[in-house]
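Opening the notebook on this one. I want to go through the backbone oddities and whatever the record has to say.

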Amino acid sequence: FDQSTQQVDSVHKSFAHPTSDFLTLCNVWDQYSILRKESYSSAKKFCSKNFLNYTALVEIGDMRNQFLELLSQIGFIKKERGKWHNFDVKSSKYNIHGNNDDIVSAVICAGLYPNIARAVKPRVGGIPTLWHKNEQLSFHSSSVNHNKIDLESEWVVFHEKFATRKVFVTATCLIKPFSLLLFGKSINVLHTERKVVIDDWIELNIAAQISVMFRELQKKVAVMLQDMITNVGENSSNRDNKLIHGIIELLSS
């Protein structure tokens, strides 16, 4: 985003997702890409009207196409000829949950882990404090989650952090605890305390049975993904389909 005036902020808020900077950028991209297919001129006018950096969006498009090319080479999406982006993403069976915000946020968690922070509410009202292990963080003012008193989840994924007078995190989204259970590394189940500790610092108050189930799910997902990559042209087994459906239900709940 360009500039920093009240007018610019007001325009940018029209793209804002309630809890995710990543999905906010997706909202921008979706509208930009529609106009980009029409013409360069329409895309540039859109950027100018909404105080957006046209060059940055072009670069994002280039990187996106490179990634889609890799996905096409291993068979996850089909490549079409004669179109601007050349890739048929929406019809891919691997993209059927692309409009499910909970699933997309869980995937972001998987990609950015261990960039996780916990939002701790103060005892007497006020804005929650972010912690990554023993390090105190703050939402950057550009984040949609900045200065929010009531967050929908206490768990936050962030893209990166940088220090000035405070340590800030940029590009954030809220996630549900099940995402951490599925994509965290080591899971230590404390049966008597009805608690699970992920990677020695993320504590979740969850029944031991659920924690053990997710630990087994991690192993099954790793095997399934390796099999999908190795045999990408083949149809998924009923067992894998049931596993995927179950995971989608858990992450969406």
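Started with the stretch 105-187: the chain there is 18% helix and 40% strand, and its end C-alpha atoms sit 21 Å apart. I took helices (H or I, at least four residues) and strands (E, at least two) as DSSP runs, numbered from the N terminus. I picked 105-187 since an unreviewed UniProt entry annotates these residues as "domain: DEAD-box helicase OB fold". UniProt positions are in the numbering used here, feature names are shortened, and annotations may be inferred rather than shown by experiment.

Note to self on the ground rules: this is a predicted model, where local features need pLDDT of at least 70, side-chain atom pairs count only at pLDDT 80 or more, and totals for chains, interfaces and linings use all residues. Residues are numbered from 1 along each chain as its sequence is written, and side-chain values use heavy atoms, with hydrogens and water left out.

Next, the peptide bonds. I found a cis one joining Tyr113 and Pro114, with omega at about 15 degrees. Pro114 lies in the loop between helix H5 (101-112) and strand S3 (116-120).

Then positive phi. Phe51 is not a glycine, yet its phi is positive, about 55 degrees. I placed Phe51 in the loop between helix H3 (40-49) and helix H4 (54-73). Buried or exposed? Phe51 counts as buried, at 17% relative accessibility. My cut-offs: buried is under 20% relative accessible area, exposed over 50%, partly exposed in between (1.4 Å probe, protein chains only).

Arg194 also went on the list, with a positive phi near 50 degrees in a non-glycine residue. Arg194 sits in the loop between strand S8 (187-190) and strand S9 (195-198), and is exposed, with a relative accessible area of 54%.
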